[in-house]
Amino acid sequence: MSYNVKLNVYEGPLDLLLFFIKRDEINIYDIPIAYITDEYLNYLQLMQSLNLQLAGEFILMASILIRIKVQMLLPRPETEKLDIEDPRTELVQMLVEYQKYKEIGEQLKRLEANQSRHFPVTLTSDQRNYDPELFLGDITLIDLGLAFQQILEKLPKVEPVNLEIMKVNIRQQILFIRECLKKRSRIRFSEIAAKLTDRLEVVVTFLAILEMIKSMEISVSQKDIFGEIWITKKKTIQDNVISNA
Amino acid sequence: MLSQTHRIVLALLFGATEPLTKSQVDICLEEDIDLTQIIADLNQYLETEGLPVWIQLVAGGYRLMTRAEYEPWLSRLFQNKGKLRLSRSALETLAIIAYKQPVTKSEIDAIRGVDTSLRPLVEKNLIKITGRQEGPGRPLLYGTTNHFLEYFGLASLQDLPQVKELAEIAGEDNLQSDIVEQDATE
């Protein structure tokens, strides 16, 4: 059994930082990074002592804060000071951007509260959920039965499926191809296919050809895409083809 | 007094299942009418007669709505409905999508600094997938729906709460730091 405890307010690390900034009236563009890092880590410790699992984002932010703190502590040559970007810049931009949407979210909340007090006169599907106990009074067992009947009628009909016995198999077609190759050593696939009666037979014959290529009984060549397939008998015929097939 | 046209428009509002647009009304009436004026007249009529309904401009159309003061009774009729509110994280996410649409989940996550679950908002029909972004992985793009506008009572996306410009926030903060400084000197 696990408990999912959410500490009241913070939606994430940015939210938590904004809380500190607001609470301590900190200028978001000049964050005392050492102070805020301490506050942040204290909070994480508190959460850990309460045995709350910390989301990965909170730990990531801790590492970002510490990195910035270190960068701020590093001494910099006087001349470079102006050129080097403030290590806090990126974090500040994130905070400002997040704060903007947080505020809009709060405004949406007010709009939601306002709008929820009005009900459309024509019911939309999301308003049709009457309290079942209030409105199910007149439903009888017959109504339920009829409703069920209607659902059954709407279900797709089960059509009988005809299963045909395969008239051909690969072994048989290998023998057939061999027969064709007895008279001539080279033959077109279309010639063989012409002797076949249905699609399935053609497919099985093609598989037989693949099988014979594998056992190196024949070789196959085709000049262009969709062009004629030529089947050529190889000189050494391996007799174990049939048993492998 | 209401004209016949006024009464027809009111009847259409009663019958419509979605916000009624000007083009729908024009088609039904087979003429081009000044709908804005007629709606204004009807709203005034409904008000002076003390009727419990009014016409709201929402999601690009007009909709007949009950007045706010009748909410206690209607919420009893619909039970729990209307009492369910979106969570703060859902509202934040919607705010981002509404302003930045079409937007990918990773862009939303980057702004919020957390992993965001968009499915509940799709299921509530507040946002929808609008396409895919060209580029690596072709991530899904999200945007708000018409129902989003209806849910928040907005006539169009232009009616969204104004985004405080960055400069404005900066200005406020400067002001705040000025005050702090003043306090310090006092």
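**View 1. The surroundings of helix H3 of chain A.** The buried residues of H3(A) are covered by elements that include helix H1 (13-23), helix H2 (33-49) and helix H4 (89-115) of chain A. Helices (H or I, at least four residues) and strands (E, at least two) are DSSP runs, numbered from the N terminus. The model is predicted: local features need pLDDT of at least 70, side-chain atom pairs count only at pLDDT 80 or more, and totals for chains, interfaces and linings use all residues. Residues are numbered from 1 along each chain as its sequence is written, and chains are lettered from A in the order in which they are written.

**View 2. The two sides of H3(A).** A:Met61, A:Leu65 and A:Ile68 are buried in this helix; a residue is buried if 20 or more other C-beta atoms lie within 10 Å of its own, and exposed if 12 or fewer, with C-beta atoms placed from the backbone. Seen down the helix axis, the buried residues of H3(A) fall within an arc of 65 degrees, so they line one face; the arc is that of the directions from the helix axis to the C-beta atoms. On the other side, A:Gly56, A:Ile59, A:Leu60, A:Ser63, A:Val70 and A:Leu73 are exposed.

**View 3. Chain B where it touches chain A.** Chain B gives 43 residues to the contact and chain A gives 38 residues; two residues are in contact if their C-beta atoms, placed from the backbone, lie within 7 Å. Among the elements of chain B that give two or more residues to this side are helix H1 (4-15), strand S1 (53-58) and helix H9 (166-185).

**View 4. Chain A as a whole.** Chain A has 10 helices and 3 strands. Of its 245 residues, 19% are buried.
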